[in-house]
Structures are given as structure tokens and as C-alpha cells.
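Open the model in your viewer and switch to cartoon view. We will go from one selection to the next.

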Amino acid sequence: MIFRVTGWFQRLVMVCLLGTLASVQAEQVQSDTAMAGASEHSCTRLTATGNPEYPPYLWQEPGSRRGLIGANKTIMQALSERLGIPIEVIYTGPWSRAQEEVRVGRIDLIAGAFYTLPRTAYMDYIEPAFLTTRSVVWKRSLVAFEYSEWADLKPYEGATVINNSFGQSFDEFASVNLSIDNVTSLPQAFRMLAQGRVDYVLYEEYPGLAYAAELDLDFVIEQIEPPVSSEGLFLTISRRSPCNTEAFRAELMRIMTELVEDGTAQRALNEGLETWSLTSQ
């Protein structure tokens with residue numbers, strides 16, 4: 001009799017445990033579903049930032065403490081329209097600070113960054129690059145200058161902005177083979193070139209065009225081919241952004257591909273050059 005009661009009681013306990021486990025599993029499924037739904041609907045707005053001293057791609061909006069304008073903002077606006085999610089492009093301070101804001105997740109996106117391996121630790125890159133930045137040789141107009149490859153620069157005296165990089169390969173070549181002065185600003189380097197104090201300046205193509213126009217030197221100096229290097233500008237998303245899911249990254253990739261292929265990105269660059277020219281007068 002005791003054994004029969006004990007066996008019956010064990011079966012009852014087992015049934016209760018199985019029922020409790022099934023209930024817990026059901027609640028967990030409901031919780032997971034709710035969390036997934038919340039994740040899908042939590043991405044209702046995005047913030048973006050970038051290098052604020054990088055015309056015509058991005059620069060601080062005149063008279064604004066928080067605004068950025070330029071080609072990359074125009075591209076973010078086009079991305080926003082196709083996503084159906086508002087994107088606010090915010091000035092967060094110098095370039096180093098902008099990257100930190102994305103690293104800690106206070107800002108969702110960087111509107112234009114070169115690829116570096118250390119940055120992949122805190123943000124994902126969205127391919128393809130939406131624009132390409134060429135670094136070129138600038139010389140005085142109407143002055144003979146023989147150049148077709150890096151080695152041709154050896155006999156000349158050059159200048160560039162301090163701490164500027166043109167890619168690992170060229171930087172290594174230049175450190176051993178070239179004579180290049182490092183100055184504090186691009187206007188200073190361009191004025192040195194215009195005055196004949198150096199033979200050439202190394203700088204990125206479109207920011208160089210923008211500053212040459214601002215300084216009224218666009219008929220005094222000119223860029224020549226080929227570029228010394230070329231780097232892609234990528235949209236990136238913080239790994240700590242609540243919007244950063246595999247599905248969302250895939251959607252960003254799809255739209256960024258469209259913006260490149262349909263010419264939106266290039267038109268934005270052309271508009272950025274024009275806007276910079278007007279605002280810098």
C-alpha cells in the first residue's frame with residue numbers, strides 16, 4: 001500500500017513538474033517574442049555624426065552649435081527617406097570626439113569613415129563605400145612638374161598638413177624617400193605652394209578643391225594625375241546602437257548600394273562643393 005501511494009505521488013509530482021516547465025517555456029517564448037518585437041520597433045530614429053572639418057563632405061553649419069552640413073549630410077537625408085526613419089546629423093565636436101560618441105553608443109552612425117581594423121571593434125561598416133576620396137599632388141599652374149609615379153616626387157620639396165595620412169604604403173614610402181614639410185593647416189600649405197616656397201602639396205582632392213576656391217587660389221594651383229592613394233568613405237553603425245541588427249544592416253547595405261548606383265552620392269558631392277563655395281565666401 002505504501003509503495004502504491006509513493007508511486008502515485010511520484011507520478012503526480014512528475015506531472016506537476018512537467019506542467020510547470022511547459023508553462024515556463026511558454027512564458028519564455030512569449031518574452032522572447034515581445035523582445036524581438038520591441039527590437040523591431042525601437043529603431044524609430046537615428047543620429048549620425050562625422051568629421052566636422054572635412055568640406056565638402058561635412059563641416060559645421062554656420063551659426064549652429066549642433067548642425068553639420070555637406071555632401072554626407074545630403075546622403076544621410078536620402079538614406080532617411082528610403083528607410084522611412086528620421087536621421088539627425090549632429091555636430092559632436094572634433095573628429096576624435098565624434099568617433100568616441102559612436103563607440104559608446106550615444107550616436108548611432110558615422111556619416112563617412114575610412115576603414116581601419118581597430119574601428120571594427122566598436123562599429124560595423126556598411127558596404128559599399130558611398131564615395132571615394134583621392135589624395136593628389138597639387139602644383140603651381142603653368143609650372144612644369146614631371147610626375148607619373150611616387151618615385152618622381154623625390155627631387156622635389158613638398159608639404160602637407162601635420163599628421164595627415166595617405167595610406168600605409170605611401171606613408172612608408174614617403175618617410176624614407178621624400179622631403180615633405182608638415183604644416184599646421186591646408187591654407188598654409190597652399191599659400192606656400194602659391195608663393196613657390198615648395199614644389200607641391202599632398203592633400204585630398206575635394207577638400208583641396210574646396211579650400212583652393214575659398215583662398216582664391218583655384219587658378220594659381222592645380223591637381224595632377226595620378227592620385228597618390230584612394231580611400232573609400234563608409235557609413236558605419238555603432239555596435240551599441242539599438243538599431244544594429246543583421247536585418248537592419250542588410251537594409252542599410254541595400255539602400256547605400258542604390259544611392260551609389262543611381263548617382264545620388266555623386267550628386268550630393270557636387271552639391272557639397274557648391275555649398276562650401278558659397279558659405280565660405
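In which sense do strand 1 and strand 5 pair? Select residues 46-49, which form strand 1, and then strand 5 at 87-89. The two pair in the parallel sense, over 3 bridges. Show Ala48: opposite Ala48 stands Val89 in strand 5. Keep in mind that this model is predicted.

Now bring up the whole sheet. The sheet is open and has 8 strands, with mixed pairing. Trace the strands in the order 5-1-6-11-7-10-8-9. Strand 5 and strand 9 (179-183) stand at the edges. Each has a single partner strand, so one side of each lacks a neighbour in the sheet. From one strand to the next, the twist averages 25°.

Next, add the helices. Select residues 71-83 for helix 2, which packs on the sheet. Helix 2 touches strands including strand 6 (109-113), strand 7 (123-140) and strand 11 (221-238). Its direction makes about 170° with that of strand 5. Then select residues 95-103, helix 3. Helix 3 lies across strand 1, strand 6, strand 7 and strand 11. It runs at about 135° to strand 6.

Last stop: residues 200-204, strand 10. Is strand 10 largely enclosed or left open? 5 of its 5 residues are buried, so strand 10 is largely enclosed by the rest of the structure. Look at its pairing with strand 7: the two run antiparallel, joined by 4 bridges. Here Val137 has Leu202 as its bridge partner. With strand 8 (residues 157-161), strand 10 pairs in the parallel sense over 2 bridges. There, Gly158 is partnered by Tyr200.

How values were computed:
Residues numbered from 1 in each chain as written. Predicted model: local features only at pLDDT ≥ 70, side-chain atom pairs only at ≥ 80, totals over all residues. Heavy atoms only, no water. Pairing = 2+ DSSP bridges. Axes fitted to C-alpha atoms, helices over the stretch in contact; angles between N-to-C directions. Contact = heavy atoms within 4.5 Å. Buried < 20%, exposed > 50% of the residue type's maximum accessible area, 1.4 Å probe, protein only.
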